[in-house]
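Trainee: Could you take me through one charged spot in this protein, slowly, and then show me how it fits with the other charges?

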Amino acid sequence: MNQSKQRQQALAPLARSEPWDMLIIGGGITGAGIAREAARRGLAVLLIEQKDFAWGTSSRSSKMVHGGLRYIASGDYKTTLLSVRERERMLNEASGLVNEMHYVMPHYKGKFPPPWIFNTLLRVYDKIAGKRYFKYFKKDAFLRLNPNIKQDKFLGASQFSDAITDDSRLVMRVLDEATHDGAHAINYLKAESLITNEQGLVVGATLKDTASKDKDQTYKVHAKVVVSATGAWADNLRMQASNEPEQSFHKQIRPSRGSHLVVSQERLPTSQAYTFLHPADKRAVFVFPWENRTVLGTTDLDHPPLNDEEVGITSAEVDYLLAATNSLFDDTDLNREDVISTWAGVRPLISDGSDGKRVSPSKEKRDHSVWLDNNLVTVSGGKLTTFRLIALDVLAKCQEVLNLDDTTMQNQTLNGDQVFSNPTPTSPKFATLPKPLQQRLQGFYGRKLDKLLELAHEEDLAYVTDSNTIWAEIRFAARLEQVIHLDDLLLRRTRLGLILPHGAMTPLISARLKQICQQELGWDEQKWQQEVARYSELWQRYYHLPAA
């Protein structure tokens, strides 16, 4: 099937004549989670995303599924409790996609935090989880395992556990669960404007197909309730629904940019995450293994008002992250030439104070908020880890509009049922794969894994160079995951553009990619060259190094 036919199939639900129960605007983890919880209750759900699924914050996070250790320190016990429970749930249900990762905090004489304070927090953290993860390493024992870290005044190190994921694959997995229960999800559809009735209540939206060559192609979609899950962009639609002029509308969202660097494991080998305080501003930063690479992150800076463009790292942030890493690891001396790629995302912080400047972004709470404005339900803020709980809060707010009976709202036990279904694959190809790959593919694709293996050619079961990705994943995504552009395939469906040199556009890899895109998307030579040019410009500008 060529790309135009795939797109026609994706857009087919827009022909529906009766109103949807719920229109969700925003295809990140929050929107996907809401679609999942609404569809499982039998609601007719349409989710749209103006760019690609997970294009915004949900493909550019720090990849961590964590309980929020710092929330205990600030006295926010409830947020930690809920986050740890959701972390444990995902570790149990989505193994291979969400995996345990050890973190270590090295301690130095005269530096904060001293071991006794940090270890007390870790014991509380473990008590919440109901598991013992905490371990303390004395100086000599730790240095035998970690000889590269700075040794001057070193006391020892505390170890604890959280989890790590591929955030954009997590979004696709939750969307798959939602569509399995009857939801429809379409990317590259932008909500141009809200539709209101005579009473001024929001009853739908006018959607623009941003992937169409016809720039005037729009659709009017009606729904009983419209949910805006647009994250850092949430104020835009709220302002439309409130009918207030822009100058008097009180904006709630404080965009905060977090940026990361990717280097090779050869330059900085890590088998666990290190968390430590930056020598310049005492903020917590991380160095951690991900996808056979090492990631340095993250920054936390106020970001200018958002438009529809990509977000990239700044030169000052590159220097900041390199300085932090070189302060912990002796003789590593990382520099810009070591950087394989970068990524930057914008967190939607809920501002504490009318001017949004009372505290630094790092000290803003990570809670989510839900608003109801003339039948538009808006949600923003929160954490990747608690996407399911955020979705349940949104459904409770939608109940004020939908007036569903309690039986519908309580359909399936909210606290006992599984978010992720993991049937055992029946394909004989599955048994031929290495165990780590089996676990990864089951976590990434769930019930779609048999289809992935069915589509795979024999040579597709090989890894793409030294990545954890096999070629079959690229073929599957191109055929069945609404790939419109090359960056959808290389930056979100897979992460090859983040972990391979030159954004994966080396001769051998690009030749094989071209072949798959021609076979599965029907791209001719002209289309392929257009996509390569588009992707290369985007990667150089936003996913590589800025000018020094």
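Mentor: Sure, let's start with Arg492, which counts as buried because its relative accessibility is 1%; buried means under 20% relative accessible area, exposed over 50%, and partly exposed in between (1.4 Å probe, protein chains only). Before we go on, keep in mind that this is a predicted model, where local features need pLDDT of at least 70, side-chain atom pairs count only at pLDDT 80 or more, and totals for chains, interfaces and linings use all residues. Residues are numbered from 1 along each chain as its sequence is written, and side-chain values use heavy atoms, with hydrogens and water left out.

So who does Arg492 pair with? Its partner is Asp487, and the closest N and O atoms of this salt bridge are 2.7 Å apart. A salt bridge here is a side-chain nitrogen of Lys or Arg within 4 Å of a carboxyl oxygen of Asp or Glu. Side chains of opposite charge can pair when their charged atoms come close. Asp487 is buried too, at a relative accessible area of 2%.

Asp487 also forms a salt bridge with Arg534, this time with 2.3 Å between the closest N and O atoms. Arg534 sits in helix 18 (residues 525–542) and Asp487 in helix 15 (residues 486–493), so the pair ties together parts that are 47 residues apart in sequence. Helices (H or I, at least four residues) and strands (E, at least two) are DSSP runs, numbered from the N terminus. Arg534 is partly exposed, with a relative accessible area of 33%. Through shared partners, salt bridges join Asp52, Arg169, Glu481, Asp487, Asp488, Arg492, Arg493 and Arg534 into one network.

Now step back: the count comes to 43 salt bridges. One of them links Lys190 and Asp308, at 2.8 Å from N to O. Lys190 is in strand 8 (residues 189–196) and Asp308 in the loop between strand 15 (301–302) and helix 9, so this pair connects parts 118 residues apart in sequence. Both ends are partly exposed: Lys190 at 25% relative accessibility, and Asp308 at 26%.

What about disulfides, meaning pairs of cysteine sulfur atoms within 2.5 Å? A search of the whole structure turns up zero. Among the cysteines, Cys398 is buried at a relative accessible area of 1%, and Cys517 is buried at 0%.

Definitions and conventions
Disulfide = S-S within 2.5 Å.
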